[in-house]
Amino acid sequence: MTRIITALSEISANYDALFVDLWGCVHNGITAFDEAVAALRDYRANGGFVVLVTNSPKPRAGVMAQLPDFGVPSDCYDTIATSGDSARAAMYTGAVGNKVFFMGEWERDAGFFEPMEVIDTPAPITRVPVSEAEGIVCCGPFDPMADPDTWRADLMMAKQLGQKLLCANPDIVVDRGEEREWCAGAIAKMYTEMGGESLYFGKPHPPIYDLARRRMLAEGRDVRDTRILAIGDGIHTDIRGAQGEDIDSLFITGGLAREDTGTTNQPDPKALSAFVEKEITTPTFAIGYLR
């Protein structure tokens, strides 16, 4: 049964590290949540270690550069693990071939194709039209507000050519302020439903958690899984991923599941219970907003 708490400080002493989702927990795509920032600062001041674990298709450096624009200060986290870095490593080891069809917004996602020093002999990657490609690299829709059917023709051709789709962001949707946008996960889901093969590297899949642990070790922190708490607003990504890794989780109900959980300041207990039962995914804890 999920325990509803009123503040992170109620349980934080039980954990040496936090794996914290960004979008929907620390910021809303436009501005930071002040209470969330304060909670993470307090946790670090008491010796805790914070890894921002995000399904952003950007490299870690790109996310770090972007955070000040949202008002997220550098003193509320220690390091960052991104879905983009996990997926980039796969791309540069040839997971979807050398000639790839790119889906995304180039001005936003060009950093995905930057070289990775950790890959000794990276595969040479060339962007080509879908008809000439060996595989798809998907950072998101060309237009995140467009009808998903606009992707269908390219995906059907790719499937007929036997191409694999590398998904750099397993999220289906995200809320930018009050606007809901499609993410790469929606494209990958459609491709799979069409009979194509999609490869995932962000939450809830293991590669990003392995990366998060390596980031901690690089900072001199070797933390047992029983002392890690995952925090996020995605029941299918953050919470299901934590459950798959056998680590505790704190569900932020005021994000993507705000209506389903009847959240104003805090979730409605009956609505929350019905929601987690329907999703067959039970968080350890829940709170309306990170604070």
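## Elements and starting point

Helices and strands here are DSSP runs, numbered from the N terminus: a helix (H or I) has at least four residues and a strand (E) at least two. With that in hand, here is a walk through the structure, which is a predicted model.

## A parallel sheet

Let's start with the strands. An open sheet is built from 5 strands, which follow the order 6-5-7-8-11 with parallel pairing. At its edges are strand 6 (126–127) and strand 11 (197–200), each of which pairs on one side only. In general, the strands of a sheet pair through backbone hydrogen bonds, either parallel or antiparallel.

For a closer look at one pair, take strand 5 (residues 99–103) and strand 7 (residues 135–138), which are joined in the parallel sense over 4 bridges. If you want a residue to find on screen, Phe102 has Val137 of strand 7 as its bridge partner.

## Around Gln266

Next, find the loop that runs between strand 13 (248–252) and helix 9 (269–279), where Gln266 sits. Is Gln266 buried or exposed? Its relative accessible area is 19%, and since buried means under 20%, Gln266 counts as buried.

Its side chain has polar company. One of its polar atoms lies 2.7 Å from the backbone nitrogen of Gly288, and a polar contact of 2.8 Å links the side chain of Gln266 to that of Arg291. Beyond neighbours within four places in sequence, the residues in contact with Gln266 are Ile4, Ile5, Thr6, Ile287, Gly288 and Arg291.

## One cavity

Moving on to enclosed space, the model has 1 cavity of 30 Å³ or more. The largest cavity holds about 40 Å³. Its lining consists of Phe19, Asp21, Val53, Lys203, Tyr209, Ala230, Ile231 and Asp238. By class, 5 of these lining residues are nonpolar and 3 are charged, with no polar ones.

## The second largest pocket

The second largest pocket offers about 540 Å³ of space. Which residues lie closest to its centre? Of the 23 that line this pocket, they are Asp85, Met116, Val118, Leu211 and Arg215.

Two or more lining residues come from each of helix 2 (60–70), helix 3 (83–91) and helix 7 (206–218). Helix 7 makes the biggest contribution to the lining, with 6 residues. Sorted by class, the lining of the second largest pocket has 12 nonpolar, 9 charged and 2 polar residues.

Note on methods
Residues numbered from 1 in each chain as written. Predicted model: local features only at pLDDT ≥ 70, side-chain atom pairs only at ≥ 80, totals over all residues. Heavy atoms only, no water. Pairing = 2+ DSSP bridges. 1 Å grid on protein atoms, 1.4 Å probe; cavity = no way out; pocket = protein on both sides within 12 Å on 5 of 7 lines; lining within 4 Å. Points joined across faces, edges and corners; volume = space filled by probe spheres on them. Nonpolar A, V, L, I, M, F, W, Y, C, P; charged D, E, K, R; others polar. Buried < 20%, exposed > 50% of the residue type's maximum accessible area, 1.4 Å probe, protein only. Polar contact = N/O pair within 3.5 Å; in protein donor to acceptor, adjacent residues only side chain to side chain. Contact = heavy atoms within 4.5 Å.
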